[in-house]
Amino acid sequence: MSTHLLGVEIACDGPAGRDNCPHNAAIRAQFTSRTARQVRADGRRDGWTVHRIPGRLLDICPRCRNHTTEGPTL
Ligand SMILES: [Zn+2]
């Protein structure tokens, strides 16, 4: 346990959900955002989306979102 909470970093899972993001994107979280839920809320403001697949969530940055087709393709 640390006295400093560094928060979470949410990084893009890439356009296919399997590869690392070609842009190496991560959500720019607000200073006050410390939980994954809060950081994702920050990301949504910047155009991030979350894809729910069995077992996990995929975080997609705005650039990758533009490269994916509508609907789940997994
Ligand atoms: Zn991305």
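Asparagine 24 is exposed, because its relative accessible area is 68%, where exposed denotes over 50% relative accessible area, buried under 20%, and partly exposed the range in between (1.4 Å probe, protein chains only). Although asparagine 24 is not a glycine, its phi is positive, at about 50°. The residue lies in the segment before helix 1 (36–45). The model described here is predicted, so that local features require pLDDT of at least 70 and side-chain atom pairs are counted only at pLDDT 80 or more, whereas totals for chains, interfaces and linings use all residues. Residues are numbered from 1 along each chain as its sequence is written, and side-chain values use heavy atoms, with hydrogens and water left out.

The protein chain contains two helices and two strands. These elements are DSSP runs numbered from the N terminus, helices being H or I runs of at least four residues and strands E runs of at least two. Their order from the N terminus is α-β-β-α. Of the 74 residues in the protein chain, 27% are buried. Among contacts with a separation of 6 or more, 44% involve residues 24 or more positions apart; a contact here means heavy atoms within 4.5 Å.

Strand 1 (residues 49–53) and strand 2 (residues 56–60) run antiparallel and are joined by five bridges. Strands are taken to pair if DSSP finds at least two bridges between them. Within this arrangement, isoleucine 53 has arginine 56 of strand 2 as its bridge partner, and arginine 52 stands opposite leucine 57 of strand 2. Two residues lie between the strands of the hairpin, where glycine 55 adopts a positive phi near 95°.

Isoleucine 60 also belongs to strand 2. This residue counts as buried because its relative accessibility is 3%. Apart from residues up to four places away in sequence, isoleucine 60 touches Cys12, Gly14, Trp48, Thr49, His51 and Arg65. Its C-alpha atom is separated by 8.9 Å from that of glycine 47, which is 13 residues away along the chain.

A zinc ion is bound by the protein donors Cys12 (SG), Cys21 (SG), Cys61 (SG) and Cys64 (SG), at 2.2 to 2.3 Å. Donors are defined as N, O and S atoms within 2.8 Å of the metal (3.2 Å for Na, K and Ca), and sites may look incomplete because water is not among the atoms. Along the chain, the donors follow the spacing C-x8-C-x39-C-x2-C. The arrangement is tetrahedral because the four donor atoms subtend angles of 106 to 116° around the zinc ion; for four donors, this class requires all angles to lie between 85 and 135 degrees. For four tetrahedral donors, the ideal angle at a metal is 109.5 degrees.

The surroundings of the donor cysteines were examined next. Cysteine 12 is buried because its relative accessibility is 7%, and cysteine 61 is buried because its relative accessibility is 3%. Cysteine 64 is likewise buried. Leaving aside neighbours within four places in sequence, cysteine 21 is in contact with Cys12, Asp13, Gly14, Cys61 and Cys64. The structure holds zero disulfides, a disulfide being a pair of cysteine sulfur atoms within 2.5 Å.

The zinc donors Cys12, Cys21, Cys61 and Cys64 also take part in the largest nonpolar core, which has 11 residues in all and further includes Ile10, Ala25, Ile27, Val39, Trp48, Leu58 and Ile60. Such a core is a set of buried Ala, Val, Leu, Ile, Met, Phe, Trp, Tyr and Cys residues joined through side-chain atoms within 4.5 Å.

Arginine 63 is located in helix 2. The residue is exposed because its relative accessible area is 53%. Between arginine 63 and cysteine 12, the C-alpha to C-alpha distance is 9.7 Å, at a sequence separation of 51 residues. Histidine 67 is found in the segment after helix 2 (62–65), and is exposed because its relative accessible area is 56%. Not counting residues up to four places away in sequence, histidine 67 touches Pro15 and His23. The C-alpha atoms of histidine 67 and alanine 16 are separated by 9.1 Å, the two residues being 51 apart along the chain.

Conventions. Four donors count as tetrahedral if all angles lie between 85 and 135 degrees; four count as square planar and six as octahedral if opposite donors are over 155 degrees apart and all others between 65 and 115; anything else is irregular.
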